[in-house]
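Reader: Could you take me through one part of this model up close? I'd like the small sheet, and then a bit of context from the rest of the chain.

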Amino acid sequence: MLESTNFTYRNDRLYCEDVPVHEIIREVGTPAYIYSKRYFTERYTEFTQAFNSINHTIFYAAKSNFNLNVIKTFLDLGSGVDVNSEGELIRALKAGASPDKIILTGVGKTPREIKLGLEHDVLMIKAESEEEVYLINDIARQNHKIARVALRVNPDVDAQTHPYISTGLAENKFGKSVDDALSVYAREKELSNVKFTGIDMHIGSQIVTIDPFIEAIERLKEVHRIVSSFDVHIEHFDIGGGIGVKYKDESPFTIKDFADAIIPRLSTCGCDILFEPGRFLTANAGALIVQVLYTKRNSYKNFLVVDGAMTDLLRPSIYGSYHHIVPVDIYPKREIKSYDVVGPVCESGDFLAKNRELQEGKQNDYYAVMSAGAYGMVMASNYNARRRSPEVLVDGSSYKVIRSRETFEYLLYDESI
Ligand SMILES: Cc1ncc(COP(=O)(O)O)c(C=O)c1O
């Protein structure tokens, strides 16, 4: 099963688009991330076409994959960027984003981040607490700016996803409750340098049913209706990201179904509808290629000890996430065996798959860990003083190394004795 049609086999060798994976890893080694530009393009186009009957803007959630070239790919398609930190803001600007296509998000923005957003005149800053609204107002006043602000409303909706990526329940740290949000909007006139231009939600990630979105949108519409009666003019109705994808056997809704379900609910609100998809656009564009260092068995299990680790792809370790794994070279005569695919890091939590049926592995074989384009490289770390992996962007029959493997000099550059 290969969810992305941009990774395919030809003569039993894995290709990304028209490039053999072997050609890439000969140059960059392993572990290495490979992304399909065609996939990014197709997903973005599918999304925006589904919503072409309403005013909408997609703000690619850079947190899912913040490589400059990935951001630029979406910018070239007409996307804006949703940034969650100063670092992502700098990346979006460096990739060429115009500030009026950037929205600044984050539950704990520092004064410095807010100031940077204001200096660059980003389209909108999303505030998640009353204190933050007042701080934005102060910083805007000191800098002679009027801040355009959206309040993130926590609609108290169960997104039915992994608890770590569920963000729209009352118990979560995100946003303000409906009542609290209303009382903040009501105070716009007290705020000399804040103009509320948006209303925002983001209820979680990897959501595979439409109902939680509908429930949350209905609550936000109610907030919008009341806020309008305060004479606050909302231009942007931001429904966040969170659209789920297929990793294993999930059946996520299609973007067309999503559009059909929510367009009738949004078309009369008179706002530009904003979306912040990350995973939907990137997850199945990418694979992490790893090489088998050793095979071994104990009395319970077979292990493939590979050169990729939790430091390269953390999702299995922190969320118990499933990533499909396929061999880079199919050997039809080899038997299928059950393996734990583990990395070299000194933690039992360092695994990429458990009890996985795979083509029998031999030392030096390569495997592709699929659906690794979102929340993969961006969560990579240097634990065990490991260098982070290179990233490669394939486009048809050519490819470009868009991030090289870290060097040890780079890892040591800010330390001295
Ligand atoms: C505010 C916000 N917007 C958008 C996203 C992107 O979510 P996803 O990748 O699930 O689409 C996130 C992810 O955490 C987020 O926190």
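Author: Sure, and let's begin with the whole chain before zooming in. This is a predicted model, and in its protein chain 70% of the contacts with a separation of 6 or more are between residues 24 or more positions apart. Buried residues make up 47% of the 417 residues. As for secondary structure, the protein chain has 12 helices and 20 strands. Its radius of gyration is 23 Å, close to the 22 Å the globule rule gives for 417 residues, so the chain is as compact as a globular protein of that length. If you want the extents, the C-alpha trace spans about 70 × 55 × 45 Å along its principal axes.

Now for the part you asked about. Here we have an open sheet of 3 strands, ordered E1-E2-E3, and the pairing is antiparallel. Strand E1 (7-10) and strand E3 (19-20) are the edge strands, each pairing on one side only. Take E1 and its partner: strand E2 covers residues 13-16, and the two pair in the antiparallel sense over 4 bridges. To pick out one bridge by eye, find Tyr9 and look across to E2, where its bridge partner is Leu14.

While you have the model open, have a look at the ligand as well. There are 17 residues around it, and those that come nearest are Ala61, Ser205, Gly241, Gly278 and Arg279. By residue class, the shell around the ligand divides into 8 polar, 5 nonpolar and 4 charged residues.

Definitions and conventions
Residues are numbered from 1 along each chain as its sequence is written. This is a predicted model: local features need pLDDT of at least 70, side-chain atom pairs count only at pLDDT 80 or more; totals for chains, interfaces and linings use all residues. A residue is near a molecule or strand if its C-beta atom, placed from the backbone, lies within 6 Å of it. Ala, Val, Leu, Ile, Met, Phe, Trp, Tyr, Cys and Pro count as nonpolar, Asp, Glu, Lys and Arg as charged, and the others, Gly among them, as polar. Two strands pair if DSSP finds at least two bridges between them. The radius of gyration is taken over C-alpha atoms; the globule rule is 2.2 Å times the number of residues to the power 0.38. A residue is buried if 20 or more other C-beta atoms lie within 10 Å of its own, exposed if 12 or fewer, and partly exposed in between; C-beta atoms are placed from the backbone. Two residues are in contact if their C-beta atoms, placed from the backbone, lie within 7 Å.
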